[in-house]
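Grab a pencil and work through these exercises at your own pace. Try each task before you read its solution.

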Amino acid sequence: MSFASVYPHYIQKAEKKGRTKAEVDEIIFWLTGYNAKMLQQQIEKKTDFENFFAQAPQLNPNASKITGVICGYRVEEIEDELIQKVRYLDKLIDELAKGKSMEKILRK
């Protein structure tokens, strides 16, 4: 599955709850180390999630602080590294849509 096909859904989920695309992007930048230009390139190339995370400049060292349940699974217990990274992103977007502050979402 391509990251580009899911990205609009992240934005839509956030905007439905009064949040912004800029906040979604900030979460992605924080988690992956991408910047706006690199993220746009990944979207244009329709990069799949595996390569999206493999090519990420650096997974945030605080990503391990992301805990909780998403889609019925505890993110901290997911053994498949790729699935865990995807679920980290899902969890962060979910927290955004639920109204958490960016400071809490970004584990500051």
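Here are five exercises on this model, which is a predicted one.

**Exercise 1: The overall build**

Work out which order the helices and strands follow along the protein chain, and judge how compact the chain is for its length.

Solution.
- Start by counting: the protein chain has six helices and two strands.
- Next, read from one end of the sequence to the other, and you get α-α-α-α-β-β-α-α.
- Now for compactness. The radius of gyration is 13 Å and the globule rule gives 13 Å for 108 residues, so the protein chain is as compact as a globular protein of that length.
- To round this off, the C-alpha trace spans about 35 × 30 × 25 Å along its principal axes.

**Exercise 2: Inside and outside**

Find what share of the residues is buried and what share of the exposed area carbon and sulfur atoms supply.

Solution.
- A residue is called buried when its relative accessible area is under 20%. In the protein chain, 46% of the 108 residues are buried.
- Then turn to the surface: about 6,200 Å² is exposed, and 49% of that comes from carbon and sulfur atoms.
- Charges come next. There are 18 positive and 16 negative ones, and their mean positions lie 5 Å apart.
- Finally, look at contacts between residues at least 6 apart in sequence: 60% of them join residues at least 24 apart.

**Exercise 3: Ring pairs**

Decide whether the rings of Phe3 and Tyr10 are stacked, tilted or edge-to-face, then do the same for Tyr34 and Phe52.

Solution.
- A search of the whole structure turns up eight aromatic pairs.
- Take Phe3 and Tyr10: the ring centres are 6.4 Å apart and the planes meet at 50°, so this pair is tilted. Both Phe3 and Tyr10 are buried.
- Now Tyr34 and Phe52: with 4.9 Å from centre to centre and 35° between the planes, this pair is tilted.
- Where do these two partners sit? Tyr34 is in the loop between helix H2 (21-32) and helix H3 (36-44), while Phe52 belongs to helix H4 (residues 49-54), so the pair links distant parts of the chain, 18 residues apart.
- Check burial: Tyr34 counts as buried because its relative accessibility is 4%, and Phe52 counts as buried because its value is 0%.
- Last step: ring pairs join Phe3, Tyr7, Tyr10, Tyr34, Phe49, Phe52 and Phe53 into a cluster.

**Exercise 4: The surroundings of Phe29**

Find out which residues Phe29 touches, leaving aside neighbours within four places in sequence.

Solution.
- First place the residue: Phe29 is part of helix H2.
- Then list its contacts beyond those close neighbours: Tyr34, Asn35, Ala36 and Leu39.
- How covered is Phe29? Its relative accessibility is 25%, so Phe29 counts as partly exposed.
- For a sense of distance, the C-alpha atoms of Phe29 and Arg87 are separated by 16 Å, with the two residues 58 apart along the chain.

**Exercise 5: Positive phi without glycine**

Look up where Lys46 and Cys71 sit, and say whether each is buried or exposed.

Solution.
- Begin with Lys46, which is not a glycine yet has a positive phi, near 55°. Lys46 lies in the loop between H3 and H4. With 58% relative accessibility, Lys46 counts as exposed.
- Move on to Cys71, another non-glycine residue with a positive phi, about 55°. Cys71 lies in the loop between strand E1 (69-70) and strand E2 (73-74). Its relative accessible area is 53%, so Cys71 is exposed.

Note on methods: Residues are numbered from 1 along each chain as its sequence is written. This is a predicted model: local features need pLDDT of at least 70, side-chain atom pairs count only at pLDDT 80 or more; totals for chains, interfaces and linings use all residues. Side-chain values use heavy atoms; hydrogens and water are left out. Helices (H or I, at least four residues) and strands (E, at least two) are DSSP runs, numbered from the N terminus. The radius of gyration is taken over C-alpha atoms; the globule rule is 2.2 Å times the number of residues to the power 0.38. Buried means under 20% relative accessible area, exposed over 50%, partly exposed in between (1.4 Å probe, protein chains only). Contact means heavy atoms within 4.5 Å. Accessible areas come from the Shrake-Rupley method with a 1.4 Å probe; for residues, only the protein chains shown count as cover. Lys and Arg count as positive and Asp and Glu as negative; His and the chain ends are not counted. The place of a charge is taken as NZ of Lys, CZ of Arg, CG of Asp or CD of Glu. Rings of Phe, Tyr and Trp (its six-membered ring) pair if their centres lie within 6.5 Å; planes under 30 degrees apart count as stacked, over 60 as edge-to-face and the rest as tilted.
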